[in-house]
Amino acid sequence: MAEPIISQTVNTVKLTSRASVKIGDSYFTFEATEEHTVPDTVKSAEDFTDFKNKIWDDVNGEVDNQIIETKDFIRNKTL
């Protein structure tokens, strides 16, 4: 059975990724948010899931990069 076509009732998707980590003796919270308009090419639930997963990859990757950059900065500052 074919997957049902989703209606275009969702116009935008806003996803936020956040992580708190302890670096040295301090705790840091990192966050990234992206909001995207759902393109007309998203016609099925699978398309929508793929669209959201791409955004999740982006915001999670941004938070990971923030953590790495902060750890590197603190490490280099203490050398």
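This is a short tour of the structure above, stop by stop, with something to select at each one.

**Before you start**

The model you have open is predicted. Its mean pLDDT is 90, and 89% of its residues reach 70 or more. If you colour by confidence, compare the elements: strand 2 has the highest mean pLDDT, at 97, and helix 1 the lowest, at 94. Where pLDDT is low, the predicted coordinates should not be read in detail.

**Stop 1: the whole chain**

Show the protein as a cartoon. You will find 2 strands and 1 helix, and reading along the sequence gives the order β-β-α. Now switch on a surface. About 5900 Å² is exposed, with carbon and sulfur atoms supplying 51% of that area. Of the 79 residues, 23% are buried. Among contacts with a separation of 6 or more, 60% are between residues 24 or more positions apart.

**Stop 2: helix 1**

Select residues 45-78, which make up helix 1. How far apart are its end C-alpha atoms? They are 49 Å apart, which agrees with the 50 Å that 34 residues should span at 1.5 Å a residue.

Next, show the buried side chains of this helix: Phe48, Phe51, Ile55, Val59, Val63, Gln66, Ile67 and Thr70. An α-helix has 3.6 residues a turn, so residues three or four places apart point the same way. Keep that in mind as you look along the list. What covers these buried residues? The cover includes strand 1 (12-23) and strand 2 (26-37).

**Stop 3: Gln66**

Stay on helix 1 and pick Gln66. Is Gln66 buried or exposed? Its relative accessibility is 19%, and because the limit for buried is under 20%, Gln66 counts as buried. Leaving out neighbours within four places in sequence, Gln66 is in contact with Phe30, Glu31 and Ala32. Leave Phe30 displayed, as the tour comes back to this residue.

**Stop 4: Ser17**

Move over to strand 1 and select Ser17. With a relative accessibility of 9%, Ser17 counts as buried. Draw a distance from its side chain to that of Asn60: the two make a polar contact of 2.7 Å. Then widen the view. Beyond residues up to four places away in sequence, Ser17 touches Phe30, Glu31 and Ala32, as well as Val59, Asn60 and Val63. Of these partners, Val59 and Val63 are among the buried residues of helix 1 that you displayed earlier.

**Stop 5: Thr33**

Now go to strand 2 and pick Thr33. Thr33 is partly exposed, at a relative accessible area of 37%. Its side chain is joined to that of Thr16 by a polar contact of 2.9 Å. Not counting residues up to four places away in sequence, Thr33 touches Lys14, Leu15, Thr16 and Val59. Try a C-alpha distance here too: Thr33 and Leu15 are 18 residues apart along the chain, and their C-alpha atoms are separated by 5.7 Å.

**Stop 6: the Phe pair**

Select Phe28 and Phe30. The structure holds 1 aromatic pair, and these two rings form it: their centres are 6.2 Å apart and their planes lie at 25 degrees, so the pair is stacked. The cut-off behind that word is an angle under 30 degrees. Which accessibility class does each partner fall into? Phe28 counts as partly exposed, at 27% relative accessibility, whereas Phe30 is buried, with a relative accessible area of 7%.

**Stop 7: Ile23 and the loop**

Keep both rings on screen and add Ile23, which belongs to strand 1. Ile23 is buried, at a relative accessible area of 10%. Aside from neighbours within four places in sequence, Ile23 is in contact with Phe28 and Phe30, and also with Thr70, Lys71 and Ile74. The C-alpha atoms of Ile23 and Ile74 are separated by 8.3 Å, although their positions lie 51 residues apart along the chain.

Finish on Gly24, in the loop between strand 1 and strand 2. Gly24 counts as exposed, at 58% relative accessibility. For a last distance, choose Lys71: its C-alpha atom is 9.0 Å from that of Gly24, and the two residues are 47 apart along the chain.

Technical notes:
Residues numbered from 1 in each chain as written. Predicted model: local features only at pLDDT ≥ 70, side-chain atom pairs only at ≥ 80, totals over all residues. Heavy atoms only, no water. Helix = DSSP H or I, 4+ residues; strand = E, 2+ residues; numbered from the N terminus. Buried < 20%, exposed > 50% of the residue type's maximum accessible area, 1.4 Å probe, protein only. Contact = heavy atoms within 4.5 Å. Areas by Shrake-Rupley, 256 points an atom, 1.4 Å probe, with all protein chains shown as cover. Phe/Tyr/Trp six-rings, centres within 6.5 Å; stacked < 30°, edge-to-face > 60°. Expected span 1.5 Å × (residues − 1). Polar contact = N/O pair within 3.5 Å; in protein donor to acceptor, adjacent residues only side chain to side chain. pLDDT = per-residue confidence, 0-100.
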